[in-house]
Amino acid sequence: MINAPVKTQPIFEIQNVDVYYGKIRAVRDVTLNIPAHHITAFIGPSGCGKSTLLRCLNRTNDLVPGAAVKGHIRYRGIDLYGEDIEPVAVRRKVGMVFQQPNPFPKTIYDNIAFAVRVNYPGSNLDEIVETSLRRAALWDEVKDKLKESGMSLSGGQQQRLCIARAIALKPDVILMDEPCSALDPIATLRIEELMAELKQDYTIVIVTHNMQQAARISDYTAFFNAEALPNGKRVGYLVEVDETKTIFSSPQDQLTLDYVNGRFG
């Protein structure tokens with residue numbers, strides 16, 4: 001595994017992390033730093049642990065029965081898995097946008113306002129709703145139909161609504177798990193443009209199978225692979241991480257070169 005030095009201050013420090021589902025090890029001995037205010041892409045073939053590791057960064061894996069994390073994951077120097085750390089508080093600071101747009105079966109307004117009411121009582125909801133939708137480049141499209149269902153929007157609009165919902169909770173980091181895989185090329189472009197704008201204020205970590213997308217939008221890229229085990233299972237591991245331009249032009253590991261050139265995966 002090749003772990004090139006990150007040239008800016010890391011927001012996440014991942015050290016010797018193994019992830020288990022019951023007795024099955026899904027991810028093996030991952031060490032890497034994720035820099036603040038950049039976009040870091042996780043790439044690699046299916047089953048290599050990209051999404052599993054991503055979910056560890058906001059403790060979403062805690063919701064999976066039998067899931068366990070070994071090693072150390074530090075967020076701004078704090079042990080994310082320390083005994084005194086509340087997972088719900090972690091998820092407020094480290095938001096998640098999923099592969100399929102998943103708006104609540106509520107109005108556009110309440111998709112944004114609902115979690116704010118719960119987490120920040122007394123907030124100016126109108127202001128937060130408008131600001132969040134503006135940050136997600138959606139306000140002009142929905143400002144006259146805030147009382148309509150979020151489910152009535154197109155797929156790309158729904159995904160931007162989910163990003164606005166994450167922004168409304170004032171996160172520090174936004175995790176994105178294949179956020180464009182269900183979208184058409186035009187909607188994908190809108191999400192990519194949005195990510196480029198948002199990294200001014202947020203750290204973004206994205207899992208993507210789309211090599212062109214990773215090359216276009218990310219500053220750093222981590223390439224993962226999977227090793228077949230004698231029991232028929234596969235365990236994911238980090239091959240190398242570096243600046244995206246290096247990963248796609250002159251990676252240090254032959255496996256990375258083969259993958260980005262489409263020779264497997």
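What is the volume of the largest pocket? It comes out at about 460 Å³, and keep in mind that this is a predicted model. Besides that pocket, there's a helix–helix crossing to look at, with helix 4 and helix 6 as the partners.

**The largest pocket**

- The lining of the largest pocket counts 21 residues, and R91, M96, A115, R165 and L169 are the ones nearest the centre.
- Four elements each chip in at least two lining residues: helix 2 (87–93), strand 7 (94–97), helix 3 (108–119) and helix 6.
- Helix 3 gives the largest share of the lining, with four residues.
- Sorted by class, the lining of the largest pocket has 13 nonpolar residues, along with five polar and three charged ones.

**Helix 4 against helix 6**

- Helix 4 covers residues 125–135 and helix 6 covers residues 155–168; their axes come within 8 Å and cross at roughly 125 degrees.
- Because of that angle, helix 4 counts as oblique to helix 6.
- As for handedness, the crossing of helix 4 and helix 6 is right-handed.
- On the helix 4 side, the contact is made by I128, S132, L133 and R135, while helix 6 brings L161, A164, I167 and A168.
- Split by class, the residues of this contact between helix 4 and helix 6 are six nonpolar, one polar and one charged.

**Where the two topics meet**

- Helix 6 turns up in both places: it supplies at least two residues of the lining of the largest pocket, and its axis crosses that of helix 4.

Note on methods. Residues numbered from 1 in each chain as written. Predicted model: local features only at pLDDT ≥ 70, side-chain atom pairs only at ≥ 80, totals over all residues. Heavy atoms only, no water. Axes fitted to C-alpha atoms, helices over the stretch in contact; angles between N-to-C directions. Parallel < 35°, antiparallel > 145°, perpendicular 65-115°, else oblique. Left-handed = near helix turned anticlockwise from the far one by under 90°. Contact = heavy atoms within 4.5 Å. Nonpolar A, V, L, I, M, F, W, Y, C, P; charged D, E, K, R; others polar. 1 Å grid on protein atoms, 1.4 Å probe; cavity = no way out; pocket = protein on both sides within 12 Å on 5 of 7 lines; lining within 4 Å. Points joined across faces, edges and corners; volume = space filled by probe spheres on them.
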